[in-house]
Amino acid sequence: MARGLDHIVHAVSDLDAATAFYARAGFTVGARNVHPPAWGTQNHIVQLPSVFVELLAMADPSGIVPHSERHFSFGAFNRDFLARGHGLSMLVLEGRESAAEAQAFRTAGIGDFDLFDFARDAKRPDGTATKVAFTLAFARDAAAPDIGFFTCRQHYPENFWNPAFQRHANGVTGIAGIVLVAERPQDHRAFLKAFTGADVTAASAGITARTPRGDIDVMEPASFSRCFGVAPPDTARDARLAALRFAVADRTAARAALQRGKIGFAERSQQLVVGPDLAFGATLVFEGAP
């Protein structure tokens, strides 16, 4: 069975500024969370039904555990990513049977990493304390060193997901897809198929994996610019995560939210596009009915 999108990590150097930006864009943003010292990171969550955006920054990097042969270091990866600039750093799929997923990645030759388990305290909307816990199974695309990949299994999903956090003034109802940019999209086809478990098909602008919760497109830089009217990310180190495509029921609400927040955007066909110069290295696309 194909694995659907679970979340996207948007790594930023100034978490307060990025959180304020998403709020001005009409998103409901959750409270700040702090990760284990071995990661040295902190985040805010933007929830959508069954998928979320993780706004992430460094907190205290002094305790970060480095990469090793069987250990993928979440903290070291994002620290090094931010040293080169902010943007979308990690693509995460839903986890079901983490040990089986890690074995499948090992068999496919896309990762030989130990599972990582962690838990943290959380708060319900009424302020009461609760607990969330996750198991991560990491994968690696050797041709995409600037993208982190893993599956995420939630052990207490009832404590994490909350419909109250999934209502947004901009009318966003979900993530329609994620866009990667690569000089040669076909070079990533085998990895994408093994990682997602989905069929990967050729498209006019590159390749596409259709998952149960959103498409994953890999485009050439020129195709990305034609589709969204903005500059692609630097692909000197090969593939990069470039854009989040948000589904909206009515673009009127999204347009009004961006205007209220004084966020510049371009209107193209059935899309509102906020470029990476404003959106902390990411391109945000709002698409849906007029």
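## Aromatic pairs, cores and internal spaces

Phe-72 is buried, as its relative accessible area of 10% lies under the 20% cut-off. The model described here is predicted.

A search of the whole structure turns up 26 aromatic pairs. One of them joins Phe-72 and Phe-113: the ring centres are 5.8 Å apart and the planes meet at 85°, so this pair is edge-to-face. Distant parts of the chain are linked in this way, since Phe-72 sits in the loop between β4 (51-58) and α2 (74-84), while Phe-113 sits in the loop between α3 (98-108) and β6 (116-123), 41 residues apart. Phe-113, with 12% relative accessibility, is also classed as buried.

Phe-149 and Phe-195 make another edge-to-face aromatic pair, with 5.3 Å from centre to centre and 75° between the planes. Here too the link is between distant parts of the chain: Phe-149 belongs to strand β8 (residues 148-154) and Phe-195 to helix α5 (residues 189-196), 46 residues apart. Phe-149 is buried at 2% relative accessible area, and Phe-195 is buried at 0%.

Helix α2 comes after the loop that holds Phe-72. The buried residues of α2 are Phe-74, Gly-75, Ala-76, Phe-77, Asn-78, Phe-81 and Leu-82. They pack against strands β1 (5-11), β3 (41-48), β4, β5 (87-94), β8 and β13 (240-248). Gly-85 follows α2 and has a positive phi, near 135°.

Both Phe-72 and Phe-77 help line the second largest pocket. Its lining has 16 residues, and those nearest the centre are His-67, Phe-72, Phe-77, Arg-140 and Pro-145. The elements that contribute two or more residues to this lining are α2 and β8, with α2 giving the most, three residues.

Two cavities of 30 Å³ or more are found in the whole structure. The largest cavity is lined by 15 residues, of which His-7, His-35, Phe-52, Glu-54 and Phe-118 are the closest to its centre. At least two lining residues come from each of β3, β4, β6, β7 (129-139) and β8. The second largest cavity is lined by Asp-141, Phe-149, Leu-180, His-188, Phe-191, Leu-192 and Val-218. Phe-149 thus appears in this lining as well as in the aromatic pair with Phe-195.

Volumes and lining classes of the three spaces are set out below.

| Space | Volume | Lining residues by class |
|---|---|---|
| Second largest pocket | about 220 Å³ | nine nonpolar, two polar, five charged |
| Largest cavity | about 130 Å³ | ten nonpolar, three polar, two charged |
| Second largest cavity | about 40 Å³ | five nonpolar, one polar, one charged |

The largest nonpolar core contains 54 residues, and Leu-244, Phe-246, Leu-284 and Phe-286 have the most contacts inside it. Leaving aside residues up to four places away in sequence, Leu-284 touches Phe-21, Tyr-22, Leu-244, Phe-246, Leu-272, Val-273, Val-274 and Ala-279. There is also a second, separate core of 21 residues, which includes Ile-45, Phe-118, Leu-136 and Cys-152. Phe-118, a member of this second core, is also among the residues closest to the centre of the largest cavity.

Conventions
Residues are numbered from 1 along each chain as its sequence is written. This is a predicted model: local features need pLDDT of at least 70, side-chain atom pairs count only at pLDDT 80 or more; totals for chains, interfaces and linings use all residues. Side-chain values use heavy atoms; hydrogens and water are left out. Rings of Phe, Tyr and Trp (its six-membered ring) pair if their centres lie within 6.5 Å; planes under 30 degrees apart count as stacked, over 60 as edge-to-face and the rest as tilted. Helices (H or I, at least four residues) and strands (E, at least two) are DSSP runs, numbered from the N terminus. Buried means under 20% relative accessible area, exposed over 50%, partly exposed in between (1.4 Å probe, protein chains only). On a 1 Å grid over the protein atoms alone, a cavity is a set of points where a 1.4 Å probe fits but cannot get out, and a pocket is an open set with protein on both sides within 12 Å along at least five of seven lines; lining residues have an atom within 4 Å of a point. Grid points are joined across faces, edges and corners, and a volume is the space filled by probe spheres set on the points. Ala, Val, Leu, Ile, Met, Phe, Trp, Tyr, Cys and Pro count as nonpolar, Asp, Glu, Lys and Arg as charged, and the others, Gly among them, as polar. A nonpolar core is a set of buried Ala, Val, Leu, Ile, Met, Phe, Trp, Tyr and Cys residues joined through side-chain atoms within 4.5 Å. Contact means heavy atoms within 4.5 Å.
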